[in-house]
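Please load the coordinates in a viewer and keep the selection panel at hand. The stops below are given in the order in which they may be selected.

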Amino acid sequence: MEIIDVRARPNTKEYMSLFEASPGIQMVFRKMGASMPASAPIDEFIRDMREAGISRIVCTGRDIETTGGWKVTNDYVASLMSQYPAHIIGVAGIDPLKGSGAVKETFRAVRELGLKGISIDPFAVGMYANDRRLYPVYELCAELDVPVFITIGPLPVAGPYLSFGSPMPIDEVATDFSRLKIVCSHGGWPFSREMVAITFRHDYVYFETSVYHFMPGAELCVEAANTCIPDRYLFATAFPFAPMKETVQRFRKLPFKPDVLEKVMYKNAADLFKLEPAAGTRSGRQLF
Amino acid sequence: MTNIIDFRVRPSTAEFVSIADNPVFKDMMKWIGYEKKTSPVEHLVREMETAGISLAVVQGRDLETTFGWKVSNDHVASIVQRFPRNFVAFGGVDPNKGMEAVREVQRCIEKLKFKGISMDPYMHRRYANDKKLYPVYAKCAELGVPVILTSGPGAFVPGSVMEHTAPRVIDEVAADFPELTIVVSHGGFPWVTEMVGVAMRHVNVFFDWSAYELMPGAELYVQAANTIIADKVLYASAHPFVDFKESLKRYEKLPFNEDVREKVMFRNAARILKVEVSVAAPAGRARMEPRAEGRSEGQVYYSGSPFVSVLQGSRGQGA
């Protein structure tokens, strides 16, 4: 079975130098019991990823320059994608505080760099995902028909409020932009029930539960995938915050129905990024 | 004066005046004593020329989701196409329509060649800083066109909330979109001082105070124009609900400094609309022509204001 990991960042020095310099990120590693991998060239990362059984990753940029001075440029993400087009799906990092600059960069990243979506970290700049300053960016993504990855689970980081991790603001965004594809990163825990409900009620909301797959209570996400949202639960490791190989092995042992596991680990993401011709009616709609 | 730009005029076509029958304005119209009547656009143009109004801003208005009423932008376009020397158009959009509103902005500017966009937050039942309006602002900023926001008490408009377009709310929009030129129509009345403060602090905020010139407290608008915000205030009549001939009489009596009067009646609006005066004009009168195609670079020029001299009292009370 092929696997797409919808949230992973290569442990190149461009990424690792930022992680190493951030006390908040170090706290995440400590709390989650993971060790920070050493920097390595991109081809080593690709080899590790293949060994873990992952065929493609979604590699997200991150721009929180206005508040944290933190940035992985979208040009860098695009360069990774062009080096490994069969393995890397590049998604642009957009700083929610850059106003019109955020809109322009979204357009440039998608239309000029060819990136396949955008990623925002509202919690990192102290805003909720339904903040008005993000609405122009959502509008453009809906118009361009590319997904928005929204980080909503900053749980192990002590700085931001836990409420930034709630999926509730996503419900408003999905209501206001009913065709916008939204992927909630780290979305499935601890607000699992709410995340499932919001995904169930909106046809274009997706989520993944990276780093929280095995938390007590996260079983609900597996049960939801097996029943009401088989098409919109996705697999991600959040590498380097969790090891790829071990995560894949453990995730496959979760009690998914076999056809659902295949959807979660591959087909849903392939559908989201239009890697294959559409596979027919979405089962989420067949329920009604 | 023979060179006047009126920033708020609506021709009395059947499409425009039908608003007097809609619940949105029905009671307000009774209160101001407006009697609905249609009249040909030619008639308005003749009157404007006689009165010295060289150019007027005509706005579409889309209140479909809240009041089931609109004046289509195509109707506005048909008027401006017939009288391109007399009118410029601002497209009306309903922010409750989401992405459709943003697409309409693009259509108005790129296809219909409008000069700007107009919204009426208190009639859309949204604060001017509501997230539903933000994609519209971003699109206007991207296209380099101004947005008009209708403010004011909106007397008797059912279910309307005056604060939706309060100056303090506009302040947030102006801060979030520094590239966007914002024209607040009706001057944020009754928050006169606040309106003056917001126009003073943001290079991108302008206002007219049409219909409220003679209200108690409105003297401050003139005083502020004469002292600290001479470049930020615009003449508008709100015709036909305030007949521009009456309105012009009011403005003649307002105690502007002479250089300020010219800015209010013409120059500030000309900068926002990017029109120039050509000296060789027919009928012995200056004519305004649209500038050559293309966006002018960046911000509407703002000459700054003599804050220091005001604070020191060296310019007195102006009026």
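## Two prolines and a positive phi

Begin with A:Pro190, which is found in the loop between strand E8 (182-185) and helix H9 (192-201) of chain A. The model is a predicted one. Add A:Trp189 to the selection: the peptide bond from A:Trp189 to A:Pro190 is cis, and its omega is near 5 degrees.

Move next to B:Pro190, whose place is in the loop between E8 and helix H10 (192-201) of chain B. Here the bond to inspect is that from B:Phe189 to B:Pro190, which is cis with omega near 10 degrees.

Return to chain A and select A:Asp145, in the loop between H7 and strand E7 (148-151) of chain A. The phi of A:Asp145 is near 55 degrees, a positive value in a residue other than glycine. As background to these stops, most residues other than glycine have a negative phi, and most peptide bonds are trans.

## The sheet of chain B

Display chain B as a cartoon. In which order do the strands of its open sheet lie? The order of the 8 strands is E1-E2-E5-E6-E7-E8-E9-E10, and the pairing is parallel. Strand E1 (4-9) and strand E10 (233-234) of chain B are the edge strands, each pairing on one side only.

Zoom in on E1(B) and strand E2 (residues 53-59) of chain B, which pair in the parallel sense over 4 bridges. To examine one position, select B:Asp6, whose bridge partner in E2(B) is B:Ala56.

Now add helix H8 (residues 134-143) of chain B, which packs on the sheet and touches strand E6 (116-119) and strand E7 (147-150) of chain B. The direction of this helix makes about 160 degrees with that of E6(B).

Select also helix H13 (residues 258-273) of chain B, which runs at about 75 degrees to E1(B). Helix H13 of chain B lies across E1, E2, strand E5 (87-92), strand E8 (182-185), strand E9 (205-208) and E10 of chain B.

## Where the chains meet

Show both chains and select the contact, to which chain A gives 12 residues and chain B gives 15 residues. Between them, chain A and chain B bury about 1300 Å², with 57% of it on carbon and sulfur atoms. Which residues of chain A lose the most area to chain B? They are A:Ser100, A:Arg132 and A:Glu139, which together account for 44% of what that side buries.

For the polar part of the interface, note that 5 salt bridges are found across it. Select B:Arg103 and A:Glu143, which form a salt bridge with their closest N and O atoms 3.1 Å apart. The residue pairs in polar contact between chain A and chain B, both at pLDDT 80 or more, number 7.

Helix H7 (135-144) and helix H8 (168-176) of chain A each supply at least two residues of the side that touches chain B. H7(A) gives the most to that side, with 5 residues. Colored by class, the side of chain A that touches chain B has 4 nonpolar, 2 polar and 6 charged residues.

## A salt bridge within chain A

Over all chains, the whole structure holds 41 salt bridges. For a final stop, select A:Asp121 and A:Arg7, which form a salt bridge with the closest N and O atoms 4.0 Å apart. A:Asp121 lies in the loop between strand E6 (118-120) and H7 of chain A, and A:Arg7 in the loop between strand E1 (4-5) and helix H1 (13-20) of chain A, so the pair ties together parts that are 114 residues apart in sequence.

Terms used
Residues numbered from 1 in each chain as written. Chains lettered and ligands numbered in written order. Predicted model: local features only at pLDDT ≥ 70, side-chain atom pairs only at ≥ 80, totals over all residues. Heavy atoms only, no water. Pairing = 2+ DSSP bridges. Contact = heavy atoms within 4.5 Å. Axes fitted to C-alpha atoms, helices over the stretch in contact; angles between N-to-C directions. Buried area = accessible area lost by both parts, 1.4 Å probe. Salt bridge = Lys/Arg side-chain N within 4 Å of Asp/Glu carboxyl O. Polar contact = N/O pair within 3.5 Å; in protein donor to acceptor, adjacent residues only side chain to side chain. Nonpolar A, V, L, I, M, F, W, Y, C, P; charged D, E, K, R; others polar.
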